[in-house]
Amino acid sequence: MKLYSYFRSSASYRVRIALNLKGMAHDIIPVHLLKNGGEQFAPEFRKLNADALVPVLVDEEADADAVRSVLTQSLAIIEYLDETHPEPRLLPADPLDRAHVRSIALSIACDIHPLNNLRILRYLVRELKVSEDDKNAWYRHWCEQGLAALEARLANDPRTGTFCYGDTPTLADCCLVPQIANAKRLNCDLSGMPTLLRISDACNALPAFEQAAPGNQPDAE
């Protein structure tokens with residue numbers, strides 16, 4: 001397997017965690033999102049993903065077809081890994097609990113992350129001429145708002161355990177840890193989010209999460 005990744009990409013970070021949790025060997029192919037105008041825009045990479053986004057997972061062992069072996073979108077990739085390599089499970093067996101875990105993951109991946117994605121922040125600065133301070137205020141506003149809602153949800157749900165769901169990591173934790181890491185990097189106020197911080201700390205104590213961290217990647221700067 002080959003994972004096209006950028007060390008600070010939270011979407012790539014999610015997939016790195018999932019691969020590590022499942023003990024799946026893979027090669028990291030760095031794609032620098034800032035150098036030379038963004039390596040994701042190179043024609044060779046856009047042949048893999050026309051959206052010019054990371055991550056991209058190429059699973060040549062699963063299918064020799066060059067088109068079918070290319071997977072995009074972090075949550076789709078993680079669900080593919082869970083279906084093809086079911087242990088340890090990243091989604092519960094029970095349909096209601098599985099929907100619950102997906103809902104947590106989607107709250108992060110669809111409601112919080114897109115508003116603060118690199119291309120959105122760059123558009124704010126380059127096209128709308130937003131100042132650096134205002135750009136960072138935008139980031140913190142949407143991130144803090146989304147995480148506060150998630151805190152209230154998990155703090156009051158009996159299914160919350162050591163991790164977002166129970167006492168083993170799931171898809172939800174794969175999404176939470178990168179978002180918390182980015183929130184800390186951008187100096188978000190997380191003082192009212194003890195449940196999220198506790199879960200993030202429990203995750204980061206595991207080798208699978210530690211090895212996936214941005215600072216431990218081959219392209220880390």
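## Cysteines

The sulfur of Cys110 lies 8.8 Å from the closest cysteine sulfur, that of Cys175, which is too far for a bond. Cys143 has its closest cysteine sulfur in Cys188, at 4.0 Å, also too far for a bond. A disulfide requires two cysteine sulfur atoms within 2.5 Å. Across the whole structure, zero disulfides are found.

Cys110 is partly exposed, at 47% relative accessibility. Cys143 is buried, at 0%. Buried means under 20% relative accessible area, exposed over 50%, and partly exposed in between (1.4 Å probe, protein chains only).

## Model and numbering

This is a predicted model: local features need pLDDT of at least 70, side-chain atom pairs count only at pLDDT 80 or more, and totals for chains, interfaces and linings use all residues. Residues are numbered from 1 along each chain as its sequence is written, and side-chain values use heavy atoms, leaving out hydrogens and water.

## Helix 5

Helix 5 spans residues 118–126 (helices are DSSP runs of H or I, at least four residues, numbered from the N terminus). Its buried residues are Leu121, Arg122 and Leu124. They fall within an arc of 155 degrees seen down the axis, so they line one face of the helix. The arc is taken from the directions from helix axis to C-beta atoms. These buried residues pack against helix 6 (132–155), with contact meaning heavy atoms within 4.5 Å.

At the start of helix 5, a side-chain oxygen of Asn117 comes to within 3.1 Å of the backbone nitrogen of Arg119.

## Helices 7 and 8

The axes of helix 7 (residues 171–185) and helix 8 (residues 194–204) come within 10 Å and cross at roughly 110 degrees. That makes helix 7 roughly perpendicular to helix 8 (65 to 115 degrees). Axes are lines fitted to C-alpha atoms over the stretch in contact, with angles from 0 to 180 degrees between N-to-C directions.

Among the helix 7 residues that meet helix 8 are Leu176, Val177 and Ile180. Helix 8 residues in this contact include Leu196, Leu197, Ile199 and Cys203.

Terms used. Helix = DSSP H or I, 4+ residues; strand = E, 2+ residues; numbered from the N terminus. Polar contact = N/O pair within 3.5 Å; in protein donor to acceptor, adjacent residues only side chain to side chain. Parallel < 35°, antiparallel > 145°, perpendicular 65-115°, else oblique.
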